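These are my notebook entries on a structure that I looked up step by step. I began with the terms and then went through the contacts and the open spaces.

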Amino acid sequence: MRKVIGEFLKGIIKENPTFVLALGLCPTLAVSVSIINGIGMGLAASFVLVGSNLIISLIKNFIPQRIRIPCFIVVIATFVTITELMMKAYSPALNRALGIYVPLIVVNCIVLGRAEAYASKQSVVNSFFDGLGMGIGFMLALILISAIREFLGKGELFGVNLIRGFEPAFFFSLPSGALLVIGLLLGFFNLFKAKS
Amino acid sequence: MKRKLIVSSSPHLHKDESVIKIMWMVVVSLIPAGAVGVFVFGLYAFWIIILGIITAVFTEGLIEILTKRKVTILDGSAVLTGLLLAYNLPPRVPLWLPIVGSFFAIAIGKQVFGGLGQNIFNPALVGRIFLMASWPKYMTAFTKPFDTVTSATPLALLKEAKFIEQITYLDLFLGKRGGCIGEVCIFSLLLGALFLLLRGYISWHIPIPYILTVGLFAYIFGGKTLFSGDWLFHILSGGLILGAFFMATDYVTSPLTAKGQVIFGIGCGIITSVIRLWGGYPEGVSYAILMMNAVTPIIDRYTKTRIYGTRCAK
């Protein structure tokens, strides 16, 4: 049981997919304009991660070694399709905001990376918690980045204007602002790691 | 025997120059242009310059203390960055703009890379394009000389193909036009540049090809038909002279060899002209210099000089 908790927790800080593994930066750059988008993307990716990790771990013994990547992609794409259709049905506004980046979860390197490096070698229970931890770690990173960007770039949090008279720096809403914020946060994470 | 023969390694001839001295000399050479800027646009411009400098120095010191490095606020480089940033601002920006810009220029443009000598991009220009991307409405609000009435810069008027007020070349040369604080008076900029050139602090290899390229492009493509452009207007307006002599020549971010510097200057000229003539912005000097900053390592690699006594590398 303790091992399972460890598998779950490692995705949040120690092996955080964004800040430590530096995976999935493309959707991170693109959707972290506002916190709502960040949470939406994080939830969608978490669902896909958990689902694909679970299925791939279940069928790992039947997948031929040489065509494993296409097999993983088929499983992942199934879950992405489910996510996208659900999102279109129940929150079309979020789907519009995330745009092409919802179907692009198929090629999100966190999902494929966990399938290849973890789920295809580990037990079902471990893979489930690994996917959950990684998904939540990804979501927390997205929330952190998008909170900074939304506050500095629009002067808002959750779409609510916080300080009157504060003139937001539009730069942080641009992709270059995302690169800067992620770069600085990566730097702080490394500093934190080097100290501890 | 008091005097011993001391055999040391080269260089044996020392010149009484140092980074600190050169930085302060560049600051001094920029004073006339700023003085004219303050004269043309009023005392408010003076406070913009002062705030830019103070913030730059303060930020540099603060970061160096926090990261436990040697505090180098007196070497003049932070003063120069703050000064150049303020020179690149319109004369009526709110006073917090130079503060934010200077902070960004020093913190992100310079200290993140490790301080003086490590930065890839010219810090003052990093600060400027950050402000440009963040608060375009302030960064494009220019005023008429000797007045607080807003008006566009000559280049912006040209871009919008509006009626251009009668601006003579002499007005442009002396600084009687809308523009950023430090860029308007070509005469005093050239005075400062001449001083730097004569003292050997900067060489002609970057600014002259830069300016000539812009002139050539303007002459060929700037007019209604080919080869009829107003090349002198393009050279005298915008931030070209300030950028070419004082920002493109930054030691840290420009190539080392003469050949590389000429390539750098021509590249800056081409990018500036392309932005001015066909781009979305009226002025492209800062973007041109930053883009060429980015390719400086490649230029340096391909213009390496042969070490004396060795064969040519194949």
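**Entry 1. Terms and model.** I first fixed the word "buried": a residue counts as buried if its relative accessible area is under 20%, as exposed if it is over 50%, and as partly exposed in between. I also noted that the model is predicted.

**Entry 2. Salt bridges in chain A.** I searched the whole structure for salt bridges and found nine over all chains. I looked up D130(A), which forms a salt bridge with R114(A), with the closest N and O atoms 2.9 Å apart. This pair links distant parts of the chain: D130(A) belongs to helix α7 (residues 124–154) of chain A and R114(A) to helix α6 (residues 109–119) of chain A, 16 residues apart. By the cut-off above, both D130(A) and R114(A) are buried.

**Entry 3. Salt bridges in chain B.** I then turned to E60(B) and K110(B), whose side chains meet in a salt bridge at 2.9 Å, N to O. I asked which parts of chain B this pair ties together. E60(B) lies in helix α2 (residues 43–66) of chain B, and K110(B) lies in the loop between α4 (96–107) and α5 of chain B, so the pair joins parts that are 50 residues apart in sequence. Both E60(B) and K110(B) are buried.

I recorded a further salt bridge between the side chains of R276(B) and E283(B), at 2.7 Å, N to O. R276(B) is buried, with a relative accessible area of 5%. E283(B) counts as buried because its relative accessibility is 16%, and the limit is 20%. I closed the search with a network: salt bridges that share partners join E7(A), K10(A), R114(A) and D130(A).

**Entry 4. Aromatic pairs.** My search of the whole structure for aromatic pairs gave 18 over all chains. I examined F171(A) and F130(B), whose ring centres are 5.0 Å apart. Their planes stand at 85°, so I entered the pair as edge-to-face; the cut-off for that class is over 60 degrees. F171(A) lies in the loop between β2 (160–161) and α8 (175–195) of chain A, while F130(B) lies in helix α5 (residues 123–134) of chain B, so the pair joins two chains.

I asked whether each ring residue is buried or exposed. F171(A) counts as buried at 11% relative accessibility, and F130(B) counts as buried at 4%. I then followed the ring pairs outward and found that they link F171(A), F172(A), W96(B), F104(B), F130(B), W135(B) and Y138(B) into a cluster. Apart from the ring pairs, I noted that R92(B) lies over the face of Y44(B), at 4.9 Å from the ring centre.

**Entry 5. The largest pocket.** I looked up the largest pocket, which holds about 1,000 Å³ of space. Its lining has 31 residues, and those nearest its centre are L180(A), L184(A), A107(B), I108(B) and V112(B). I asked which elements supply at least two residues each to this lining. They are α8 of chain A and, in chain B, α2, α4, α5 and α14 (285–302). The most comes from α8(A), with eight residues. By class, I listed 23 nonpolar, six polar and two charged residues in the pocket lining.

**Entry 6. The largest cavity.** The search for cavities of 30 Å³ or more returned one. The largest cavity contains about 270 Å³ of space. It is lined by 21 residues, and the closest to its centre are M23(B), L80(B), F246(B), D250(B) and Y251(B). In chain B, α1 (19–41), α3 (77–87) and α12 (240–247) each supply at least two residues of this lining, and α3(B) gives the most, with four. I classed the cavity lining as 14 nonpolar, five polar and two charged residues.

**Entry 7. Backbone angles.** I recalled that most residues other than glycine have a negative phi. A22(A) has a positive phi of about 55° although it is not a glycine. I placed A22(A) in the loop between α1 (2–10) and α2 (25–31) of chain A. At 36% relative accessibility, A22(A) counts as partly exposed. F227(B), which is not a glycine, has a positive phi of about 55°. I found F227(B) in the loop between α10 (207–221) and α11 (231–236) of chain B.

Notes. Residues numbered from 1 in each chain as written. Chains lettered and ligands numbered in written order. Predicted model: local features only at pLDDT ≥ 70, side-chain atom pairs only at ≥ 80, totals over all residues. Heavy atoms only, no water. Phe/Tyr/Trp six-rings, centres within 6.5 Å; stacked < 30°, edge-to-face > 60°. Buried < 20%, exposed > 50% of the residue type's maximum accessible area, 1.4 Å probe, protein only. Lys NZ or Arg CZ within 6 Å of the ring centre and 35° of its normal. Salt bridge = Lys/Arg side-chain N within 4 Å of Asp/Glu carboxyl O. 1 Å grid on protein atoms, 1.4 Å probe; cavity = no way out; pocket = protein on both sides within 12 Å on 5 of 7 lines; lining within 4 Å. Points joined across faces, edges and corners; volume = space filled by probe spheres on them. Nonpolar A, V, L, I, M, F, W, Y, C, P; charged D, E, K, R; others polar.
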